[in-house]
Amino acid sequence: MLKQERESEIVRLLSQSDSGVLSVAQLSRLLSVSEMTIRRDLETLANQGLVKRIHGGAVHVNSALLFERSFAERGRESRQAKVAIGRTAAGMVHDGQVIILDAGTTTLEVARHLAARRVTAVTNALPVASELSAHTEVSAILLGGEVKGPELCTVGPMVTESLSRMSADLLFLSTAGFSPDRGLTEPDLREAEVKRAMMRVAKRVCLVADSSKYGAVYFAQTAPITSIHAVVTDEQLSANQRSALEAAGIEVIIASPASPSPG
């Protein structure tokens, strides 16, 4: 296990511990590495503000940002905004294009609004693939790999290898958090790696994310904010936040619940 993967696993184990606390000895046993290695990892994580060191172990910090909630639970949040974002983003798609839909509750809304589009759509998300299969004009491709239960998506080298053999016109990217200074971030290194692979093969990258994700920072950075070309978000994004994104060269598209799709 690489150092970054081990550190991600330490954060996950702490966030899922009933007490929120694990000892160095426990982590050493769970990860099959020396206690000295665990101490060094905890020091790194503490410097990043992700854990707090205590005598003989560590406790997780800000568990709300470390624990990944289920797909269904997240889908209930900001529901109206996500529907508007999905409708607006789908309006950017043109017949004949190859598009990639990342895993996420907002990209699922994009898929739901793709009816009557003649496109090839690639995804690593089971719910998105299921939705796409209902659109007779869409040629849907589901990327195979290790299935990650909470997110209902595939991750791992099989996914990234498949993506490396493709090219796409447009990527609709999801994220757990985004900001001009910390970029796009995720709780899981495996998902961040898949997202980077998607970004490498897409001509245009469009982030679809409601405004509540602005400023949230998670463990693994996917990419700097300048790696995306546009963001479709909701009306709650403040003027200062919009200006910060536009200053980074990003097109900001505000999806109003009452507004028609572009194009």
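The exercises below, each with a worked solution, concern a predicted model of a single protein structure.

**Exercise 1. Describe the overall make-up of the chain.**

Begin with the secondary structure, where the chain has eleven helices and 15 strands. Turn next to burial: of the 263 residues of the chain, 51% count as buried. The accessible surface of the chain comes to about 11,900 Å², and carbon and sulfur atoms account for 50% of that area. Finally, consider how the chain folds back on itself: among contacts between residues at least 6 apart in sequence, 60% join residues at least 24 apart.

**Exercise 2. Work out the strand order of the seven-stranded sheet and find which strands stand at its edges.**

Reading across this open sheet gives the order β6-β5-β4-β9-β12-β14-β15, and the pairing is parallel. The two ends of that order are β6 (139–142) and β15 (251–255), each of which has a single partner strand, so one side of each is left without a neighbour in the sheet. From one strand to the next, the twist averages 20 degrees.

To see one pairing in detail, take strand β4 (residues 98–101) and strand β5 (residues 120–123), which pair in the parallel sense over four bridges. Within this pairing, V98 stands opposite T120 in β5. As a general point, the strands of a sheet pair through backbone hydrogen bonds, either parallel or antiparallel.

**Exercise 3. Describe the three-stranded sheet and the helix that lies across two of its strands.**

This sheet is also open, with the order β10-β11-β13, but here the pairing is antiparallel. Its edge strands are β10 and β13, each pairing on one side only, and the twist averages 30 degrees from one strand to the next. Strand β11 (residues 183–186) is joined to β13 by three bridges, the two strands running antiparallel, and E186 stands opposite A220 in β13. The last step is to place helix α10 (residues 189–201), which lies across β11 and β13 and runs at about 5 degrees to β13.

**Exercise 4. Identify the largest nonpolar core and follow the contacts of L245.**

The largest nonpolar core has 57 residues, and those with the most contacts inside it are L101, F172, I228, V232 and L245. If neighbours within four places in sequence are left aside, the residues in contact with L245 include F178, P180, Y214, I225 and V252. Apart from this core lies another, of 18 residues, among them L22, V51, F219 and A220.

**Exercise 5. How are the rings of F178 and Y214 arranged, and where do these residues sit in the chain?**

The count comes to one aromatic pair. The ring centres of F178 and Y214 are 5.4 Å apart and their planes stand at 85 degrees; since planes over 60 degrees apart count as edge-to-face, the pair is edge-to-face. The pair links distant parts of the chain, for F178 belongs to strand β10 (residues 177–179), whereas Y214 lies in the loop between β12 (202–208) and β13 (220–223), 36 residues apart. Both F178 and Y214 are buried, and both are also among the residues in contact with L245.

**Exercise 6. Is R12 buried, exposed or partly exposed, and where is it found?**

First locate the residue: R12 is found in helix α1 (residues 3–16). R12 has a relative accessible area of 35%, and because partly exposed covers values between 20% and 50%, R12 is partly exposed. Although R12 and P187 are 175 residues apart along the chain, their C-alpha atoms are separated by 8.6 Å.

How values were computed
Residues numbered from 1 in each chain as written. Predicted model: local features only at pLDDT ≥ 70, side-chain atom pairs only at ≥ 80, totals over all residues. Heavy atoms only, no water. Core = buried A, V, L, I, M, F, W, Y, C linked by side-chain atoms within 4.5 Å. Buried < 20%, exposed > 50% of the residue type's maximum accessible area, 1.4 Å probe, protein only. Contact = heavy atoms within 4.5 Å. Pairing = 2+ DSSP bridges. Axes fitted to C-alpha atoms, helices over the stretch in contact; angles between N-to-C directions. Areas by Shrake-Rupley, 256 points an atom, 1.4 Å probe, with all protein chains shown as cover. Phe/Tyr/Trp six-rings, centres within 6.5 Å; stacked < 30°, edge-to-face > 60°.
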